[in-house]
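Here is a quick walk through one chain, written for someone who would rather look at residues than read tables. Keep the viewer open and follow along.

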Amino acid sequence: MILFKKIVLCFLIFFALIVVGCSVPNNNIAIKEKGNNSIAQKYFNMLTKEDKIKISKASPEEIINIYYNSINDKNYNLAVVCDSNFLNYVANKSSEDINYVYKEHIEYLKNIKRIDIKSIEVYTDMIKKNDSENIEKPSKLYCVYYMQKSNDINKFPEEGYFTRFITVSKSPLYGGWCISYIASSP
């Protein structure tokens, strides 16, 4: 009988640890982020060796160009890898499944016929240290001005000139620069 009580007690302690561990918000975020990275890894694994090398060595400006050029070239796997940090951020902030976020983004990109980049400019975003010394952030902010054409203006009316503020940071997936945020204002 004592052995039975000890086994039940151990089971209850084990169960309690699992419940407490899974209910801590940071653990849920870590589990979700790991799942998000595995989806990004799936798209990364579909890239050619040349594309993998190209994005891992690209500068922040080049990764923005690669992203928009991949949309023009209908290379959507490369596009979503270039902005996988952003897609993971969107999935983490919403209640949407990460697979859904990636697939919906690809469907959105398929509506774009062509994007012509007019300019990519660094948008100064520094942190002040002691009111005199600037510290560079681990991410870089760019102002991108481009012209976009749609495949079907009736179905997808987003056509014309656009300005987007794009934050680029290092990718945990491949170590190179990756788009981590896209917005219409800084």
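## K74, an odd spot in a loop

K74 is partly exposed, because its relative accessible area comes to 38%. Bear in mind as you look that this is a predicted model. You'll find K74 in the loop between α4 (60-72) and α5 (76-82).

What is the phi of K74? It is positive, about 60 degrees, although K74 is not a glycine. As background, most residues other than glycine have a negative phi.

## The chain as a whole

Stepping back, the chain has seven helices and six strands. Reading from the N terminus, the order is α-α-α-α-α-α-α-β-β-β-β-β-β.

How much of the chain is buried? Of its 186 residues, 36% are buried. Take the contacts between residues at least 6 apart in sequence: 60% of them join residues at least 24 apart.

## The nonpolar core

The largest nonpolar core has 42 residues. Which residues have the most contacts inside that core? They are I55, I63, Y67 and Y68. In general, nonpolar side chains tend to be buried together in soluble globular proteins.

Y68 is a good one to click on. Setting aside residues up to four places away in sequence, Y68 touches I115, I117, V144, Y146, R164 and I166.

## Where α6 meets α7

Now for a helix pair. The axes of helix α6 (residues 84-93) and helix α7 (residues 98-110) come within 9 Å and cross at roughly 130 degrees. That angle is why α6 counts as oblique to α7. The crossing of α6 past α7 is right-handed.

Who meets whom here? On the α6 side you have S84, L87, N88, V90 and A91, and they meet I98, V101, Y102 and H105 of α7. Sorted by class, this contact of α6 with α7 has six nonpolar residues, three polar ones and no charged ones.

## S84 and C178

S84 sits in helix α6. Is S84 buried or exposed? S84 counts as buried because its relative accessibility is 1%, under the 20% cut-off. Besides residues up to four places away in sequence, S84 touches A40, Y102, L173, C178 and I179. Another pairing to check is S84 with Y43: they are 41 residues apart in sequence, yet 9.3 Å apart in space, C-alpha to C-alpha.

C178, one of the residues S84 touches, belongs to strand β6. With a relative accessibility of 0%, C178 counts as buried too. Leaving out neighbours within four places in sequence, the contacts of C178 are I63, V81, C82, D83, S84, N85, T167, V168, S169 and S171. I63 is also one of the residues with the most contacts inside the largest nonpolar core. As for T167, its C-alpha atom is 8.5 Å from that of C178, with the two positions 11 residues apart along the chain counted as their separation.

## A183, further along β6

Stay on strand β6 (residues 177-183) and you reach A183. A183 is buried, because its relative accessible area is 15%. Not counting neighbours within four places in sequence, A183 is in contact with T163, R164 and F165. R164 should ring a bell, since Y68 touches it as well.

How far apart are the C-alpha atoms of A183 and F165? They are separated by 5.2 Å, while the two residues are 18 residues apart along the chain.

## Y76 and D51

Just past the K74 loop, have a look at Y76, which is found in helix α5. Y76 is buried, given its relative accessibility of 12%. Beyond its neighbours within four places in sequence, Y76 is in contact with I71, I106, L109 and K110. The C-alpha atoms of Y76 and L109 are separated by 7.5 Å, and these residues are 33 residues apart along the chain.

Last stop is D51, in helix α3 (residues 49-57). Why does D51 count as buried? Because its relative accessibility is 11%, and buried means under 20%. Apart from residues up to four places away in sequence, D51 touches N75 and L78.

Technical notes: Residues are numbered from 1 along each chain as its sequence is written. This is a predicted model: local features need pLDDT of at least 70, side-chain atom pairs count only at pLDDT 80 or more; totals for chains, interfaces and linings use all residues. Side-chain values use heavy atoms; hydrogens and water are left out. Helices (H or I, at least four residues) and strands (E, at least two) are DSSP runs, numbered from the N terminus. Buried means under 20% relative accessible area, exposed over 50%, partly exposed in between (1.4 Å probe, protein chains only). Contact means heavy atoms within 4.5 Å. Axes are lines fitted to C-alpha atoms, for helices over the stretch in contact, and angles run from 0 to 180 degrees between N-to-C directions. Angles under 35 degrees count as roughly parallel, over 145 as roughly antiparallel, 65 to 115 as roughly perpendicular and the rest as oblique. A crossing is left-handed if the near helix is turned anticlockwise from the far one by less than a right angle, and right-handed if clockwise. Ala, Val, Leu, Ile, Met, Phe, Trp, Tyr, Cys and Pro count as nonpolar, Asp, Glu, Lys and Arg as charged, and the others, Gly among them, as polar. A nonpolar core is a set of buried Ala, Val, Leu, Ile, Met, Phe, Trp, Tyr and Cys residues joined through side-chain atoms within 4.5 Å.
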